[in-house]
2 protein chains.
Amino acid sequence: MTTATWPDHGGDAAALLKRFRLPADHPFEDVSANLNPLGPPPWVADWLVECISGLSRYPEPSYRAARRAIAEYEGVAPEQVLLTNGGADAIFLAAALHTGQRGLIVTPTFGEYARACAAHRLVVTEHALEAPRFGLQTAALDEPVTQADVIFLCRPNNPTGTLVSAVEIERMLSCMPTTATLVVDEAFIDLALDAEPLTPLLAHYPQLVLLRSMTKFYTLPGLRLGYVLASAEHVAALACHQPPWSVNHLAAELVAPLLADTAFAQRTRQWLAREQPRLGQALTHAGLDVVPSHSCFYLVRPGPALCQRGLSSALLLERLLHHGMLARHTYSFAALDGDWLRLAVRDGSANDRLLKVLHDCVR
Amino acid sequence: MTTATWPDHGGDAAALLKRFRLPADHPFEDVSANLNPLGPPPWVADWLVECISGLSRYPEPSYRAARRAIAEYEGVAPEQVLLTNGGADAIFLAAALHTGQRGLIVTPTFGEYARACAAHRLVVTEHALEAPRFGLQTAALDEPVTQADVIFLCRPNNPTGTLVSAVEIERMLSCMPTTATLVVDEAFIDLALDAEPLTPLLAHYPQLVLLRSMTKFYTLPGLRLGYVLASAEHVAALACHQPPWSVNHLAAELVAPLLADTAFAQRTRQWLAREQPRLGQALTHAGLDVVPSHSCFYLVRPGPALCQRGLSSALLLERLLHHGMLARHTYSFAALDGDWLRLAVRDGSANDRLLKVLHDCVR
């Protein structure tokens with residue numbers, strides 16, 4: 001079974017149903033997407049309806065109002081903020097800044113860093129974290145860090161859920177030449193437990209570029225909305241590679257009211273603090289190897305006892321889908337080669353349904 | 001008066017009002033944006049409202065349904081279609097394919113070709129068309145065409161409205177090495193009079209890449225929606241440079257129903273055939289130099305008699321704005337340096353209002 005036979009993106013349900021010869025209308029719950037199950041906030045639909053008439057005008061080219069709202073929320077200057085067409089857009093912009101240079105990617109991780117580096121002809125080295133815990137030994141990175149022009153690191157890491165501490169990030173930054181870039185993709189940082197902010201480091205390290213998504217926390221991935229936080233110089237350089245009007249009107253209009261909805265943010269934190277550890281423990285009890293995660297998803301594989309009974313991750317994926325649960329395969333994650341599955345933390349009853357199905361699948 | 005003191009994008013009304021010390025709430029009509037005044041089609045708002053719940057899912061990564069609808073509409077294969085985040089996105093993708101190589105831009109034209117080439121470090125030569133008619137002498141291009149890796153040409157050209165014929169395009173293609181690319185930006189082709197289609201050339205010339213916009217004709221620039229038509233190989237190469245989920249869910253969902261609305265297309269063609277020549281003649285009668293345009297906008301400047309009375313394009317822009325008409329300055333168009341203004345063709349009564357104000361401004 002080769003990588004090529006799997007869809008590039010795990011959430012491509014149609015391709016997976018076809019692969020397993022299930023009908024196109026086979027009912028399933030999506031456990032593959034790492035999205036906040038509480039969102040979108042209930043007022044969003046009405047807000048969007050009110051904004052629809054604005055689609056007949058071009059967005060204001062510099063997105064002043066949205067950038068100002070983010071700057072206030074993050075405690076940085078508006079010149080340190082760049083709005084992007086989702087988080088993926090920012091990854092490609094960061095790679096473009098280092099066309100033809102040397103890239104370092106901490107793996108296993110989101111496949112788009114490698115795709116972006118390939119598109120912009122970077123020579124890439126991978127620093128592979130070791131299964132089954134995938135912890136980062138920063139000392140082992142001291143040498144590679146000095147040799148790269150751009151480093152991609154995901155925090156918390158997709159798909160492992162592991163979290164590099166602020167101290168370790170600062171250690172890496174202090175080893176790096178000032179012309180290099182450390183791209184820390186924090187697409188899931190607002191869906192992470194015990195995560196110290198890196199924004200204070202921006203004032204001291206011009207190499208630091210933080211990528212953020214607004215569509216996972218607010219459950220609006222179809223809208224495409226993310227942003228970059230970096231030095232004003234770094235933001236200006238990234239903006240040179242960005243086509244004009246990259247962010248659609250509705251996304252830009254939503255920035256300020258989304259950030260202002262503190263009640264939604266609080267409900268989300270309460271849900272995560274309750275369900276994240278509960279699901280992790282239950283997955284372990286079900287006989288799975290579970291990578292210690294700080295975020296709203298778990299990387300898992302059948303543990304030794306289940307493996308002995310012939311249960312592979314590929315087989316588990318197929319059984320789960322037959323039972324109506326679409327998990328995320330890991331063929332498109334460098335260095336995982338499908339040996340693991342990723343499962344999203346959802347709301348309490350949805351997690352219970354997954355655990356029940358899982359129980360049937362591992363019997 | 002230097003370029004730096006003008007906003008980069010002509011439609012940045014807030015910056016222009018500030019420049020001319022007008023209040024931020026100074027009322028004006030926008031004559032700067034080249035958009036179909038008949039749109040969006042009346043059913044679009046309701047359709048978008050129905051699609052809003054889909055924003056909580058990722059778009060299907062390959063946009064199969066939208067690409068199939070475009071392929072059928074254009075008479076090409078779905079593999080020859082790439083959906084893009086507006087037309088500007090496609091320009092940057094095309095430049096990225098030729099990073100560090102030699103670019104040729106036919107000017108004066110849309111500023112984003114030069115910006116995209118600069119971002120991707122192309123060495124650019126400009127082929128400048130001559131005022132006041134800005135006609136293309138293809139014989140003069142025979143030599144430069146053989147020396148470029150990528151050529152950017154806009155058809156009809158923004159901001160002149162001039163249209164290169166299919167015969168001339170084929171002549172250029174036949175001179176080009178097969179490894180080179182001719183990017184013909186047809187963002188306004190569906191808002192052009194007497195334009196022969198270039199799609200039949202796609203079957204014979206792998207160098208040809210056509211860029212299309214769906215947001216000018218349907219008056220939805222805030223939505224961001226465009227597409228590329230090219231050989232399957234060219235489309236695959238461009239797709240490698242495109243971040244995943246580049247096109248938002250609402251834009252992707254609108255593709256098929258927009259293309260199916262033939263009544264709207266017919267109304268638009270009738271309006272254009274009526275108002276485009278009428279406005280052009282009236283602008284000439286008002287004493288302006290008017291570039292012969294095939295599209296829904298005119299490049300104009302005060303004619304000799306008005307110049308003698310001290311009326312420059314900059315002064316005319318200022319007077320028009322004072323009278324509530326926002327024209328498009330041309331400082332951001334290579335080789336025009338603000339010497340001209342661009343005026344959009346709007347509906348009959350709006351054109352009458354512009355002509356009345358213009359009459360007051362040139363007295």
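Student: How many cavities of 30 Å³ or more does the structure hold?

Tutor: Rolling a probe the size of a water molecule over the atoms shows where empty space is left. In this predicted model, where local features need pLDDT of at least 70, side-chain atom pairs count only at pLDDT 80 or more and totals for chains, interfaces and linings use all residues, the structure holds 1 cavity of 30 Å³ or more. A cavity here is a set of points, on a 1 Å grid over the protein atoms alone, where a 1.4 Å probe fits but cannot get out; the points are joined across faces, edges and corners, and a volume is the space filled by probe spheres set on them. Residues are numbered from 1 along each chain as its sequence is written, chains are lettered from A in the order in which they are written, and side-chain values use heavy atoms, with hydrogens and water left out.

Student: What is the volume of the largest cavity, and which residues lie nearest its centre?

Tutor: Its volume is about 220 Å³. Lining residues are those with an atom within 4 Å of a point; there are 18 of them, and H241(A), P243(A), D89(B), H241(B) and P243(B) lie nearest the centre. Helix 4 (87–96) of chain A and helix 4 (87–96) of chain B each supply at least two residues of this lining, helices being DSSP runs of H or I with at least four residues and strands runs of E with at least two, numbered from the N terminus.

Student: How are chains A and B related in space?

Tutor: One superposes the copies by least squares on the C-alpha atoms of residues with pLDDT of at least 70 in both. Chain A can be laid on chain B with an RMSD of 0.0 Å by a turn of 180 degrees and a shift of 0.0 Å along the axis, and the two copies are therefore related as by a two-fold rotation axis. In chain A, V49(A) has the C-alpha nearest that axis, at 3.1 Å.

Student: Are the two faces of strand 2 of chain B covered or uncovered?

Tutor: Buried means under 20% relative accessible area, exposed over 50%, and partly exposed in between, with a 1.4 Å probe and protein chains only. In strand 2 (residues 81–84) of chain B both faces are covered, since V81(B) and L83(B) on one side and L82(B) and T84(B) on the other are all buried. Strands pair if DSSP finds at least two bridges between them; strand 2 of chain B pairs with strand 8 (residues 226–229) of chain B in the antiparallel sense over 4 bridges, and L83(B) stands opposite Y227(B).

Key:
On a 1 Å grid over the protein atoms alone, a cavity is a set of points where a 1.4 Å probe fits but cannot get out, and a pocket is an open set with protein on both sides within 12 Å along at least five of seven lines; lining residues have an atom within 4 Å of a point.
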